[in-house]
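Let's read a protein model together, one feature at a time. Here it comes.

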Amino acid sequence: MKTYQADEKGYYGEFGGAYIPEMLYPNTEELRQNYIRIMEEPSFKKEFDQLLKDYIGRPTPLYFADRLSRKYNTKIYLKREDLCHTGAHKVNNTIGQILMAKKLGKNRIIAETGAGQHGVATATVCALMGIECIVYMGEIDIARQAPNVARMKMLGAEVRPALSGSRTLKDATNEAIRDWINNPVDTHYIIGSVVGPHPYPDMVARFQSVISEEIKWQLKEKEGRENPDYVVACVGGGSNAAGAFYHYLDIPEVGIIAVEAAGKGIDSGESAATSALGKVGIIHGSKTLLMQTNDGQITEPYSISAGLDYPGVGPMHANLFASGRGEFISITDDDAMNAGLLLSKMEGIIPAIESSHALAILEHRKFKPEDIVVINLSGRGDKDLNNYIEYFNL
Ligand SMILES: *Cc1c(COP(=O)(O)O)cnc(C)c1O
């Protein structure tokens with residue numbers, strides 16, 4: 001049967017795999033050989049499920065947005081990942097990976113972060129487990145993201161500045177990889193999205209798949225069927241989308257809609273719409289679609305939402321795009337901001353700007369009145385308040 005899941009080597013169609021320097025091979029190989037076995041151990045499952053429930057606050061509600069549904073004349077459900085502890089879906093993955101690290105006997109965690117959200121989610125679970133945590137972050141990002149730097153410090157993490165190159169996310173990633181090569185025995189590297197070499201995309205997707213696992217039984221309870229007509233999510237690296245799509249990937253009746261950040265417009269030169277602008281290439285150890293110049297240099301992405309300005313996209317999503325299984329829509333900064341304000345006023349929920357991109361498709365894409373559309377609300381908007389204030393002159 002044709003599947004949109006990863007194969008044993010971590011390929012989704014032609015995308016994925018593990019294109020890594022030889023020095024990193026022992027690290028990813030140890031993880032590759034063990035991750036599925038560990039995730040299937042009853043003791044692992046039990047501890048993971050318990051923490052999802054008692055620490056993160058799962059299951060998150062599947063909320064029928066009545067006023068929004070009437071406005072757009074279709075049935076809209078919001079999957080409330082914004083109600084997770086720390087305010088977004090990212091912690092589903094970091095909880096899973098810290099338990100994985102413990103099972104592998106690791107006592108030191110490293111991570112990289114751009115805007116700081118993944119750094120905070122990682123520092124959180126390290127505090128929970130009493131494990132040493134080092135977060136690499138570009139010097140420029142440290143200056144731009146002071147509140148998240150403060151959060152990480154309060155949580156006991158060490159924030160190490162990346163001082164080379166453009167001093168942003170990709171330089172922090174290089175530093176983290178260098179650290180991991182030098183500390184292969186005691187250290188686990190927690191990657192924050194469905195990106196990187198195999199087995200990361202598949203492992204992270206499996207941890208996030210709790211999102212669609214819950215949607216299935218919640219929708220059954222509310223509508224008498226497990227399958228919506230459409231499931232919609234924003235895509236940066238693609239982890240919240242992978243979680244929302246996971247159990248629907250191989251069910252063709254369920255439409256999959258991935259929403260990317262068009263920034264100031266696809267043709268403006270300031271965008272992060274990877275499917276529209278990207279070409280096949282290799283980034284962070286994975287073959288995927290990425291934004292690059294004609295001679296293969298990675299282009300700086302831009303979006304008003306820090307979580308979506310990644311120049312690539314996870315290999316699962318590259319394959320959903322290339323195969324036509326997924327519908328890809330890109331949304332500008334302006335449209336996303338307005339959708340965020342609309343949800344606030346109509347439903348009393350202030351969304352993260354990333355999630356606002358997913359909501360914004362309602363203005364662009366017609367659905368039938370009887371369609372059930374599930375939109376993954378990946379995070380809450382508190383972190384974005386300054387952006388909203390500036391944009392709307394609040
Ligand atoms: C980080 C983040 C994203 C983007 O990351 P994905 O891996 O694509 O999910 C989306 N929404 C929120 C709220 C985030 O914090």
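Below, a learner and a teacher talk through the ligand site and a few loops.

Q: What kind of model is this?

A: It's a predicted model: local features need pLDDT of at least 70, side-chain atom pairs count only at pLDDT 80 or more, and totals for chains, interfaces and linings use all residues. Residues are numbered from 1 along each chain as its sequence is written, and side-chain values use heavy atoms, leaving out hydrogens and water.

Q: Which residues come nearest to the ligand?

A: A residue is near a molecule if one of its heavy atoms lies within 4 Å of it. Here 16 residues surround the ligand, and Lys 90, Ser 193, Gly 238, Ser 239 and Ser 378 come nearest.

Q: Which atoms of Ser 193 and Gly 238 lie by the ligand's oxygen atoms?

A: Look for polar contacts, which are pairs of N or O atoms within 3.5 Å. Ser 193 has a polar side-chain atom 2.6 Å from a ligand oxygen, while Gly 238 uses a backbone N or O atom, 2.7 Å from a ligand oxygen.

Q: Where is Pro 59, and what joins Arg 58 to it?

A: Check the omega angle of the peptide bond: between Arg 58 and Pro 59 omega is about -5 degrees, and the bond is cis. Pro 59 sits in the loop between helix H2 (42–56) and strand E3 (62–64); helices (H or I, at least four residues) and strands (E, at least two) are DSSP runs, numbered from the N terminus.

Q: And what is the phi of Asn 73?

A: Asn 73 isn't a glycine, yet its phi is positive, about 55 degrees. You'll find Asn 73 in the loop between helix H3 (66–72) and strand E4 (75–80).

Notes
A polar contact is a pair of N or O atoms within 3.5 Å; within protein, one must be able to donate a hydrogen and the other to accept it, and residues adjacent in sequence count only if both atoms are side-chain atoms.
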